[in-house]
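Student: I am new to this structure and would like a close look at a single part of it. Could you please describe the chosen part and its surroundings in a connected way?

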Amino acid sequence: MKIAVAGDHAGFALKEEVKALLTSLEHEVVDFGAHNEEACDLPDYIYPASLAVAEGKVDRGIFIDGVGYGSAMIANKIYGVYAAVCQDPFCAELARSHSDTNVLCIGGKIIGSAIALEIVKVWMTTEHLGDVEKYKRRVDKVVKISEKHLKPLSDL
Ligand SMILES: O=C(CO)[C@H](O)[C@H](O)COP(=O)(O)O
């Protein structure tokens with residue numbers, strides 16, 4: 001898969017480890033920055049990476065900041081982006097199998113890299129259970145909410 005990675009200074013070190021993991025698993029990585037640990041503003045990196053997900057230029061995104069929620073806040077403002085903050089592999093599994101998320105957000109300051117890399121592995125390999133009626137119904141409801149409240153990129 002083609003994966004957008006992005007984050008701020010607080011997520012930089014873990015982002016580099018995630019990039020190495022994704023490359024070793026033969027995914028293509030597009031790095032939207034930040035490119036070092038100099039203090040920066042998260043929206044400057046997460047917004048363009050989220051647009052790449054929404055436009056289908058990449059298959060999914062993995063965004064890494066200090067604690068994760070900031071990236072999810074920004075990403076979930078974009079039509080077609082469904083982001084979850086995951087701090088353990090079980091959450092990562094459900095974020096895919098139940099919720100069909102296309103963006104994973106991780107907090108580099110609050111979990112160690114061994115757990116973070118396991119989260120990435122699980123999230124990358126878990127399929128959405130779209131044939132289970134309750135999960136399909138719930139995802140469809142979330143999509144309907146975004147159709148009601150967010151503008152598709154083509155309408156902006
Ligand atoms: O975790 C974050 C958002 O979810 C950011 O990484 C955090 O807010 C950055 O803060 P600071 O500039 O004080 O390092």
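Tutor: The following account concerns one strand, its partners and the ligand site.

This is a predicted model, in which local features need pLDDT of at least 70, side-chain atom pairs count only at pLDDT 80 or more, and totals for chains, interfaces and linings use all residues. Residues are numbered from 1 along each chain as its sequence is written, and side-chain values use heavy atoms, with hydrogens and water left out.

Strand β3 covers residues 60-65; strands (E, at least two residues) are DSSP runs numbered from the N terminus. Six of its six residues are buried, so β3 is largely enclosed by the rest of the structure; buried means under 20% relative accessible area with a 1.4 Å probe, protein chains only. In a regular strand, side chains alternate between the two faces of the sheet. Here R60, I62 and I64 lie on one side of β3, and G61, F63 and D65 on the other.

Two strands pair if DSSP finds at least two bridges between them. Strand β1 (residues 2-7) runs parallel to β3, joined by five bridges, and R60 is the bridge partner of I3. Strand β5 (residues 103-107) also pairs with β3 in the parallel sense, over five bridges; there, G61 has V103 as its partner.

D65 of β3 is also among the residues surrounding the ligand, as are D8, G66 and G70, where a residue is near if one of its heavy atoms lies within 4 Å. A polar side-chain atom of D8 lies 2.6 Å from a ligand oxygen atom, while a polar backbone atom of G66 is 2.9 Å from an oxygen atom of the ligand.

Conventions:
Polar contact = N/O pair within 3.5 Å; in protein donor to acceptor, adjacent residues only side chain to side chain. Buried < 20%, exposed > 50% of the residue type's maximum accessible area, 1.4 Å probe, protein only. Helix = DSSP H or I, 4+ residues; strand = E, 2+ residues; numbered from the N terminus.
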